Amino acid sequence: AQHGITIKLLSGTRTYAEQDALFAKGNVTKARGGYSNHNFGIAFDIGVFNGSTYLPESPLYKAVAPIAKALGLSWGGDWQSFVDEPHYQLRPPWARAMSESEMLAELRRRHDTGIPVFA
C-alpha cells in the first residue's frame, strides 16, 4: 500500500485433494497433492488489483517481489522451469540446507505423523 500497489491474498493452504484438482486442470500448477508448499501452510498466492479489478498479469508483480523477498520470502517469479509471479513461500529454519525435494519429503512425513511444520 505504501508503494501504491493493492494486493490481496488469493490462495493459501490447500488440502492434497484441492492441490490435485488444480493439477488436473493443467497450466495452474506442476505439483500434485503432497508436493506443493501450499499443502503445508508455507506458501500463498497474491493478486494485484487496480481498484476492484484483478490483474492476472501486470508488471506490478515484479514490483512487489523485492518487498516480499526483503521479508525473507521466496518468490515464484525467480523459478526457471515454471515462473509463478503471484507465488510466495517461506522455508522453515530446519530446511535451510535441504533441497526442495528433501524438504517436501520431510513436510509430508510431518504432515502424516502430525508434527507441526515449524517444530
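Helices here are DSSP runs of H or I with at least four residues, numbered from the N terminus. All views show a predicted model.

**View 1. The end of helix H2 and glycine 72.**
Glycine 72 comes just after H2 and takes a positive phi of about 100°. Helix H2 itself covers residues 60-70.

**View 2. The buried side of helix H2.**
Tyr61, Val64, Ala65 and Ala68 are the buried residues of H2. They lie on the same side of the helix, because the arc they cover around the axis is only 120°. An α-helix has 3.6 residues a turn, so residues three or four places apart point the same way. Five strands are included in what covers the buried residues of H2: strand E1 (6-11), strand E2 (43-50), strand E3 (53-55), strand E4 (74-75) and strand E5 (87-89).

**View 3. The exposed side of helix H2.**
Lys62, Pro66 and Ala70 are found on the other side of H2 from the buried residues, and these three are exposed. Exposed stands for a relative accessible area over 50%, and buried for one under 20%.

**View 4. Aspartate 20 in helix H1.**
Helix H1 spans residues 16-25 and contains aspartate 20. The relative accessibility of aspartate 20 is 35%, so this residue counts as partly exposed. When neighbours within four places in sequence are left aside, the contacts of aspartate 20 are with Arg32 and Gly33. At glycine 33 the partner is the backbone nitrogen, which the side chain of aspartate 20 reaches at 2.7 Å.

**View 5. Aspartate 20 and tyrosine 35.**
In sequence, 15 residues separate aspartate 20 from tyrosine 35. In space the two are 9.8 Å apart, C-alpha to C-alpha.

**View 6. The protein chain as the setting for the close-ups.**
Three helices and five strands make up the secondary structure of the protein chain. Their order from the N terminus is β-α-β-β-α-β-β-α. With a radius of gyration of 15 Å, close to the 14 Å that the globule rule gives for 119 residues, the protein chain is as compact as a globular protein of that length. The C-alpha trace spans about 45 × 30 × 25 Å along its principal axes. Of the 119 residues, 39% are buried. Among contacts with a separation of 6 or more, 53% come from residues 24 or more positions apart. The accessible surface of the protein chain is about 7200 Å², and carbon and sulfur atoms account for 57% of this surface.

How values were computed:
Residues numbered from 1 in each chain as written. Predicted model: local features only at pLDDT ≥ 70, side-chain atom pairs only at ≥ 80, totals over all residues. Heavy atoms only, no water. Helix = DSSP H or I, 4+ residues; strand = E, 2+ residues; numbered from the N terminus. Buried < 20%, exposed > 50% of the residue type's maximum accessible area, 1.4 Å probe, protein only. Contact = heavy atoms within 4.5 Å. Polar contact = N/O pair within 3.5 Å; in protein donor to acceptor, adjacent residues only side chain to side chain. Arc of directions from axis to C-beta. Rg over C-alpha atoms; globule rule 2.2 N^0.38 Å. Areas by Shrake-Rupley, 256 points an atom, 1.4 Å probe, with all protein chains shown as cover.
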